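Me: Hi! I am new to reading protein structures, and I would like to work through one with you. Could you show it to me first?

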Amino acid sequence: MKNFQEAFRNGAEGYTPATMWFTHGNVSKKEMTYQIEGFNREGIKDYFIHPSDGTQGDYLGEHFFSMIKHAADEAKRLGINYWIYDEYNWSSGVAGGQVLQDEPWARSTRLIKMTETVAAGETLRYTLPDKTRFNPQVLLCVVDDKEVETKVFGETLVWKNESDEEKTIDMYITKWIAGRNAACRGSEIVAPNGEGYLDTLDKEAVQVFLDKTHEQYKKHIGEGFGDYVKGVFTDETVVLFDMRVEGEGGRPSLPWSRRFLERFEERNGYDIRPRLHELMNNTGTQLNIDYWETVADMFMEAFCQMCYDWCEENNLLFTGHIDAEECIYCAAYRSGDPYEYYKRFHVPGIDTIYTYYRIGDFNYNVTAKLATSAAHFHNKERILSETYTISGWDIRLRDMKRIFNRLALHGINFLQFMGSNYTFSPGADTHAMTNNWQNPLFKHYNGFTKYVSGLQYLVANTAYDAHTLLFYPMTTSRATITPMPVNAYAGDLNFTIINLTNALLNLNIPFEYGFEQVIDQAEVKDGKFIFAGSEYSLVILPGTTHLKEHTFNQLQKFAQGGGKVIAVNGKPEKIFGETVYDAPAIENMIVYDCYEYEMEGEAPTFADTYQRAPMGSFTAALKNAIGEAPASVVSITPCDGIMSAVRRKDGSYYVMIISDNKEITKVTGEITSDLPFRCLNTETGEIRDMKIDGKHFEIDLEPIECVVIELAADVEQQTSAVCCCTKGEIAIENVKFSIEGDNTALPDMWVVRGKAAEDIIKAKRAYNPKRVCDLANALTAEDMVACRGQAIGSMPNKAKRDWFGWHPIDGKNPEYGETVVCVYDFTVDTVPENLKFVSDPTYSPVWYLNNEQVYQTGATRLWHYANPVFDISSIAVPGKNRLVAIFTVPEYKYASFDLPCAALKGDFRVFGDFTLTQKPATNELTYWNDQGYAIHTGDGIYTAEFTAPAEGSVVLEMETTDVTEVTVNGNYVTKCLWNPYKVDITDYLTEGTNKLEIRVTSTYSNFIYNRNLSGVKTAKLYVK
């Protein structure tokens, strides 16, 4: 039996998280070493290098690969793993635009429908899309549902209406997709024609991509493949990106490829070209199915299989994820088929970015369940999740734990921090956060990675124990999908799948997605589907109206043998075999409709979806239909926010129970097995308290806690623990508060426009600092636009936090190559001896203050590894100060440049009026924001004294959401990364007066974009 208790206690080697490392900025070998060593120190043993916007250097050139080789060599030196990321930015497939530049024929193609009305006797002269840019091909023209002959002269399609009435002609045309893919946006090698995307259905096109990326990595790294060079990550790959150009609106389109006609006929036995109008108008279900299955097959055979095979041949693991996993309609038109593409990954992966905001979304649970179900059926051991990025800077370790708990519960066992910024600009990254040295919490990641590794070890070395299949109706999706749906995330089919997913989790019924291929291949025996070492006695059909004949026959045989089938919001209507026929009834199938979906909020969009609602009518209806759930070793009482999973290994069982709630939640249940059992604390490996009455148990779960009930023949049966009650509170006295390092303040910021800016720039060019400052001080409101408003185009925030970046509030960012003037206002009552400002290194502005040019006096490591520092303690004056910056925006058109930050640092406090002062701060054991440190990020230190009691144990209980470290009488006691913030300090006490220190580490949020309450709200001592 695996020693999971030991893994919880000390972590598990080989199961720590990885990180996606964004190497934007001016990358140096020395700094790479510093950061790689930091990853290693904090328990991150795998790193994926992601070249992204702002990466300076020749992507895929000699300088670029010298950096990559150095990173790989450092992995070898440290005994950790480097992973290749196969693109610049994302989506994978264009080699930073080089594929499109050098081989334009390899561009992705779409089929569109153009419609024109032609009067009787008139001739249509329709101008086709530009040939050089779009390569249009006319496949079919239809009038009155019949093909008509047209002629093309140059770029003009001609057709004469020879009838005596007005006619509508539908033209079916293929064209290269337009628009600049993210992978082309920031790479320096992109040519003017570098738009579009790779034809991922075309093997020859995919080979070009492999030659330009994978083969180049192989050439330049040269060794270590399968050892310290671990694998290749592919990102957001799709069948088709529909990047519409201006004026096209929401015109329907479909994936296409230059050899699609011949591939379709080869696969399906008929020519699709004369029937394109049926396909585009969605009038033939068999045609729809044949078309979408052909698309899926071509995608699997080309991109997915060829990338997998290349990695296999080179002793590397293929990982990453396909785009839009959480939506079954997207599975049809963007990613092909999840069951098939997960088969073609050594390490299947998913994307759960935006996680902090979206973990409450009604569709959040689908992606992980899809991947882990498919991984089980394909016998894949590890399942990766790209997690956390675009989660805002106020995400704490307790929030990260909550997110990981949910993913681990679903079966994810290779957490990837997405991502770690090599460097960043506060203006550009107000929403992105980083899991690297810039994050104040990074020094505590080692504790988090230990926790993650213990649970990942458990999940990777056990099998999910489920007896329920939630059918995944791909045939229904393909039969009913409309060409490029406006909102693929809506619709009853999607909503039913998602709500059944959540309802089963609410009811604590273990389940997996039952892909059609699983049903087709499974052994059917005695009312059970037997597949991949598991037996399933319940199948739930969500909105399933169309089925393949063999799949239907398998379900019928299953039901006739005593298996239970439940159809929700639709039942099988059409069966597809050699012919299409009406579906007979499945024996004893329970059929019901319930459209009272448990979700709330606005309609889904790209960045904001419906929220999960508490259990209601939908869950109740499912519970009623199921009746007695399939047998399991445990029965857990349904409770909002409580989810569970059962895992098995060698006759032992491990019941994971997590709380998603912010308060202590009572969990009750019953063990139905005769095996002895105990409850384990997944953070310490110790036995976790729970009340036991026979086989009934009761656990008070802390907020975001995860426990594991172990059932095994060789464990000692746990008995109820004795609770220790508090006897009284101990007075805390002589409280003092201080921060580590300098305090921070952000001045009011403005960008200067028009003639006023021109005059200041002229004064700068004349080397006249006094004139620059005089003009700046004379500016009027009409000359300036306020900054630090919401960034245009930044990620919308459903929580309506106070988003801001270094941007003009009118959204008019400076042009590339433009010289810009900004002013920064701050007020001082008494100038401190230590007063400076820290800025960005990107722009090299010239700074002025109080008639003087300000020169750099040092450098510090803040958000950049070399932030310039300017000492202004001898230049600032009491009262109002206006700092002036004049700079020129780089002419590099494919990176995002924001206005430079000027963060004031020093020995001061800031109270409600945002005046820098040296007035004494209060000393209270409460949040530090109102004690003169409104936007301080990093460490704050509370010290206090108390008198220890003569008898009894002493417990410190803190109310906070940050990381705390406790010291008593100079002795380090412990660290609390998350709830429970309770510490027994009895062993560190002395007679009489004792000294208590609580060090708190906050997030970066106060500085970056959002004022958060930081530190401890309260701290109390109790006698037990």
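Reply: Happy to! A disulfide is a pair of cysteine sulfur atoms within 2.5 Å. Keep that cut-off in mind, and remember that this model is predicted.

Me: How many disulfides does the count come to by this rule?

Reply: Let's take Cys901 as an example. Its sulfur has its closest cysteine sulfur in Cys822, at 11 Å, which is too far for a bond. A disulfide needs the two sulfurs within 2.5 Å. By this rule, the count of disulfides is 0.

Me: Is Cys901 buried or exposed?

Reply: Buried means under 20% relative accessible area. Cys901 has a relative accessible area of 1%, so this residue is buried.

Me: Which helix gives the most residues to the largest nonpolar core?

Reply: In general, nonpolar side chains tend to be buried together in soluble globular proteins. Here the largest nonpolar core holds 273 residues, and Tyr47, Tyr82 and Phe448 are among those touching the most other members. With 15 residues, the element that gives the most to this core is helix 11.

Me: What is the size, in residues, of the other core that lies apart from it?

Reply: Look for Val667, Leu675, Cys679 and Ile699, which are among its members. This other core has 20 residues.

Me: Which strands are the edge strands of the open sheet with the order 24-26-27?

Reply: This sheet has 3 strands, with mixed pairing. Strand 26 and strand 27 pair in the antiparallel sense over 3 bridges. An edge strand pairs on one side only, and that describes strand 24 and strand 27.

Me: What is the bridge partner of Ile575 in strand 27?

Reply: Strand 26 covers residues 574–576 and pairs with strand 27. The bridge partner of Ile575 in strand 27 is Tyr581.

Me: Which helix lies across strand 24, strand 26 and strand 27?

Reply: The helix to find covers residues 549–560 and runs at about 95 degrees to strand 24. That is helix 21.

Me: Is Asn734 buried or exposed?

Reply: Asn734 is found in strand 40, and has a positive phi of about 50 degrees although it is not a glycine. Exposed means over 50% relative accessible area. Asn734 has 51%, so this residue is exposed.

Me: And what about Glu236, buried or exposed?

Reply: Glu236 also has a positive phi, of about 60 degrees, without being a glycine, and its place is in strand 11. Its relative accessible area is 11%, so Glu236 is buried.

Technical notes: Residues are numbered from 1 along each chain as its sequence is written. This is a predicted model: local features need pLDDT of at least 70, side-chain atom pairs count only at pLDDT 80 or more; totals for chains, interfaces and linings use all residues. Side-chain values use heavy atoms; hydrogens and water are left out. Buried means under 20% relative accessible area, exposed over 50%, partly exposed in between (1.4 Å probe, protein chains only). A nonpolar core is a set of buried Ala, Val, Leu, Ile, Met, Phe, Trp, Tyr and Cys residues joined through side-chain atoms within 4.5 Å. Helices (H or I, at least four residues) and strands (E, at least two) are DSSP runs, numbered from the N terminus. Two strands pair if DSSP finds at least two bridges between them. Contact means heavy atoms within 4.5 Å. Axes are lines fitted to C-alpha atoms, for helices over the stretch in contact, and angles run from 0 to 180 degrees between N-to-C directions.
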